[in-house]
Amino acid sequence: SENLPAFSGFDLDIGQLEAFGGSWSGIRIAGRPAAADLKLELAGRDVTGSAVWSPPGVGHPNGRLTARLSRLATGGGPDRPATVSELPPEDATTAGAWPELDIAADLYVSKGRELGRLELVALPRGAEWQIRQLRLVAEEGRLDAEGAWRGGSRRQQTKLDVSLDVRDAAGFL
């Protein structure tokens, strides 16, 4: 409304955030408008870097999140258990309601283990969420995958074509 002040941004200090079946603690998020988008700076033990949220538009009907992170940690760790919550049942259109994602993390940590560089590009198409690129690169090897995820009542389905290039099998596993 024209009577409201202009949005200049926000700064959040979050003690505990639970989303998408995961739990993150001690995160600082600063958000500032950038044209039609929202630029985010993220700092914390589990996630550090920058992201841009683009609202729904012609090229991305559910919005788009582009993130360039130096660190992304998920799934708990040795000093804290993973938080796993029961996600609500999916209907046939849920996968297609996800936003487009373009995420790169220089270091991806899962369950306290450093797995390497992560790259993910995915977008909704109909009732599927198409995974155009899923890449995990470490000294010990590389995993490349593409495919799709489909929600549907209580039955979800993921299909991936995976390519592995492993130099050190024990280290990679």
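Is A35 buried or exposed? A35 is exposed, with a relative accessible area of 85%. The legends below take this residue and others in turn, in a predicted model.

**Figure 1. The whole chain is built from 10 strands and 1 helix.**
The strands come before the helix: from the N terminus on, the elements run β-β-β-β-β-β-β-β-β-β-α. The protein chain has 173 residues, and 29% of them count as buried. Its accessible surface comes to about 10800 Å². Carbon and sulfur atoms hold 55% of that surface. Among contacts between residues at least 6 apart in sequence, 38% join residues at least 24 apart.

**Figure 2. The 10 strands form one open sheet.**
The strand order is 1-2-3-4-5-6-7-8-9-10, and the pairing is mixed. Strand 1 (10-19) and strand 10 stand at the edges. Each has a single partner strand, so one side of each is left without a neighbour in the sheet. On average, neighbouring strands are turned by 20° against each other, direction ignored.

**Figure 3. Two loop residues, A35 and K111, have positive phi values.**
A35 sits in the loop between strand 2 (22-34) and strand 3 (37-44). Its phi is near 60°, a positive value in a residue other than glycine. K111 sits in the loop between strand 6 (100-110) and strand 7 (113-125). Phi of K111 is near 55°, again positive in a residue other than glycine. K111 is exposed, at a relative accessible area of 59%. A35 is exposed too, at 85%.

**Figure 4. L40 is a buried residue of strand 3.**
Why does L40 count as buried? Its relative accessibility is 14%, and the cut-off for buried is under 20%. Leaving out residues up to four places away in sequence, L40 touches F10, I29, A30, G31, G49, S50 and A51. G9 is 31 residues from L40 in sequence. In space, the two are 9.6 Å apart, C-alpha to C-alpha.

**Figure 5. R45 and D46 meet in a salt bridge.**
Their side chains come to 3.9 Å, N to O. How accessible are the two partners? R45 counts as partly exposed, at 41% relative accessibility. D46 counts as buried, at 1%. Side chains of opposite charge can pair when their charged atoms come close. The structure holds 14 salt bridges.

**Figure 6. D102 and R64 form a salt bridge between two strands.**
The N to O distance is 3.4 Å. This pair links distant parts of the chain: D102 lies in strand 6 and R64 in strand 5 (residues 64-74), 38 residues apart. D102 counts as buried, at 17% relative accessibility. R64 is partly exposed, with a relative accessible area of 26%.

**Figure 7. E128 and R150 form a salt bridge.**
The closest N and O atoms of E128 and R150 are 3.3 Å apart. E128 lies in strand 8 (residues 128-138) and R150 in strand 9 (residues 141-150), so the pair ties together parts that are 22 residues apart in sequence. E128 is partly exposed, with a relative accessible area of 23%. R150 counts as partly exposed, at 36%. Elsewhere, salt bridges that share partners join D106, R117, E119, R135, R142 and D144 into one network.

**Figure 8. Strands 8 and 9 run antiparallel.**
How many bridges join strand 8 to strand 9? There are 9. W129 stands opposite W149, which belongs to strand 9.

**Figure 9. Four residues make a nonpolar patch on the surface.**
Which residues form the patch? They are L160, V162, L164 and V166. Together they have about 320 Å² of accessible area. V162 is found in strand 10 (residues 157-166). Strand 10 is one of the edge strands of the sheet, with a single partner strand.

Conventions. Residues are numbered from 1 along each chain as its sequence is written. This is a predicted model: local features need pLDDT of at least 70, side-chain atom pairs count only at pLDDT 80 or more; totals for chains, interfaces and linings use all residues. Side-chain values use heavy atoms; hydrogens and water are left out. Helices (H or I, at least four residues) and strands (E, at least two) are DSSP runs, numbered from the N terminus. Buried means under 20% relative accessible area, exposed over 50%, partly exposed in between (1.4 Å probe, protein chains only). Contact means heavy atoms within 4.5 Å. Accessible areas come from the Shrake-Rupley method with a 1.4 Å probe; for residues, only the protein chains shown count as cover. Patches are made of residues with over 30% relative accessible area and no salt bridge: like charges are joined within 9 Å, nonpolar side chains (Val, Leu, Ile, Met, Phe, Trp, Tyr) within 5 Å. Two strands pair if DSSP finds at least two bridges between them. Axes are lines fitted to C-alpha atoms, for helices over the stretch in contact, and angles run from 0 to 180 degrees between N-to-C directions.
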